[in-house]
Every structure is written in structure tokens, then in C-alpha cells.
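Good morning, colleagues. Please bring up the model on your screens, and I shall take you through its features one by one.

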Amino acid sequence: MNDTDFLLRVGLSLRKYRSIAGLSQEELGGRTECDKNTIGKIERGESDSKLSTIRKLTDGLNISFSRLIKEVEAKPSDRLSSPVEYDYLRLFHYCRQLSPEQFNNLCNTACIYAKSNRLRESGGK
């Protein structure tokens, strides 16, 4: 992987985690004392930032620096495909809008569904 690809993958991963956290670039900047324009350049792979800046951003996103780097260096076959990853992101945003009772009901329903699928696959045994 060349430097350009590496910077782009770092930026895309940061953008993904920022989206999952439901933060704008400005909000992340407020948490980390980084300018939103700097965050934008990093996310687009246009900036070869200092490690300390990336560490501030990962801290602001509540992820470890090592997690970010492991994801960036993972082979494409090791990562989730984009459609699946996008579906998980959509599900996460949906679940954040639920009340605790609604979320609990959703989880209970998913457990029942999973158990019934296992029973069906095992022939009811």
C-alpha cells in the first residue's frame, strides 16, 4: 500500500467512526481541539497528519489508536463489505432513536428469531 492509499484509508476509517458516533466534523473538532477543516482534509486523505493529531481524533471518537490502524491495514477480504457495513451503520442509527423499552423489545425479538432459525436448521432437535 502506498502513502496515498494509506492516508485515504485512515481518513475513511475516521469518517466511518465519526458517522457511527453521530458527530459532525465541527462537533468532533470541539471535542479534540482540532479544526473542522483539518478533520475534513484528513478524512479525504489530503493531509499527512501528525500521529498526535490522529490520536486526539481517536480519543474524541472513543476508539483506540490501535483499532484504527488495524482496520486500515486489514486486507480487503478481512473487512466487511461496504453494503454490509452500511447496513450496520443504518441499524446503529435506528437503534439510537429507540427508547430503552423499544430497544429491549427489539433485542428480545431478535433472540427469539435467532433461536427459531437454529431450531429450523437443526431439524427441530
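Three helices each contribute at least two residues to the lining of the second largest pocket: helix 1, spanning 3–21, helix 4, spanning 51–60, and helix 5, spanning 65–73. I should say at once that this is a predicted model. Which helix gives the most to that lining? It is helix 1, with four residues. The lining of the second largest pocket comprises 13 residues in total, and those nearest the centre are F6, L7, V10, S49 and I54. By character, the lining residues divide into eight nonpolar, four polar and one charged. The volume of this second largest pocket is about 150 Å³.

Let me place this in the overall fold. The protein chain contains seven helices and zero strands, and its pattern along the sequence reads α-α-α-α-α-α-α. The chain has 125 residues, of which 27% count as buried.

I turn now to the charged side chains. As a general point, side chains of opposite charge can pair when their charged atoms come close. How many salt bridges does a search of the whole structure find? The search finds five, and I shall discuss three of these pairs.

The pair I take up to begin with is E43 and R15, which form a salt bridge with their closest N and O atoms 3.4 Å apart. This pair links distant parts of the chain, since E43 sits in helix 3, residues 36–43, and R15 in helix 1, with their positions 28 residues apart in sequence. Is E43 buried or exposed? E43 counts as buried because its relative accessibility is 2%, and the cut-off for that class is under 20%. R15, by contrast, is partly exposed, as its relative accessible area is 31%.

E43 has a further partner. R18 also forms a salt bridge with E43, and here the closest N and O atoms are 2.5 Å apart. R18 lies in helix 1 and E43 in helix 3, so this pair ties together parts of the chain that are 25 residues apart in sequence. Both R18 and E43 are buried. Taken together, R15, R18 and E43 are linked in a network of salt bridges.

The remaining pair on my list is E71 and K16, whose side chains meet in a salt bridge at 2.9 Å, N to O. What does this pair tie together? E71 is in helix 5 and K16 in helix 1, so the salt bridge joins parts that are 55 residues apart in sequence. E71 and K16 are both buried.

Staying with helix 3 for a moment, I would draw your attention to I42, which has its place in that helix. I42 is classed as buried because its relative accessible area is 2%. I42 and R9 are 33 residues apart in sequence, while their C-alpha atoms are 9.9 Å apart in space.

Next, the surface. Which residues make the nonpolar surface patch? The patch, of about 360 Å², is made by L91, Y94, F103 and L106. Helix 6, spanning 82–96, and helix 7, spanning 100–121, each supply at least two residues of this patch. Y94 belongs to helix 6. With a relative accessible area of 44%, Y94 is partly exposed, a class that falls between the 20% limit for buried residues and the 50% limit for exposed ones.

Finally, I would like to consider the backbone in two of the loops. E33 has a positive phi of about 60 degrees, although it is not a glycine. E33 is found in the loop between helix 2, spanning 25–32, and helix 3. Why does E33 count as exposed? The reason is its relative accessibility of 73%, as the exposed class begins over 50%.

N62 also has a positive phi, near 60 degrees, in a residue other than glycine. Where does N62 lie? Its position is in the loop between helix 4 and helix 5. N62 is exposed as well, because its relative accessible area is 66%.

To close, I return to helix 1: it gives the most to the lining of the second largest pocket, and it holds R15, K16 and R18. Thank you for your attention.

Methods: Residues numbered from 1 in each chain as written. Predicted model: local features only at pLDDT ≥ 70, side-chain atom pairs only at ≥ 80, totals over all residues. Heavy atoms only, no water. 1 Å grid on protein atoms, 1.4 Å probe; cavity = no way out; pocket = protein on both sides within 12 Å on 5 of 7 lines; lining within 4 Å. Points joined across faces, edges and corners; volume = space filled by probe spheres on them. Nonpolar A, V, L, I, M, F, W, Y, C, P; charged D, E, K, R; others polar. Patch = residues over 30% accessible without salt bridge, like charges linked within 9 Å, V, L, I, M, F, W, Y side chains within 5 Å. Areas by Shrake-Rupley, 256 points an atom, 1.4 Å probe, with all protein chains shown as cover. Salt bridge = Lys/Arg side-chain N within 4 Å of Asp/Glu carboxyl O. Buried < 20%, exposed > 50% of the residue type's maximum accessible area, 1.4 Å probe, protein only.
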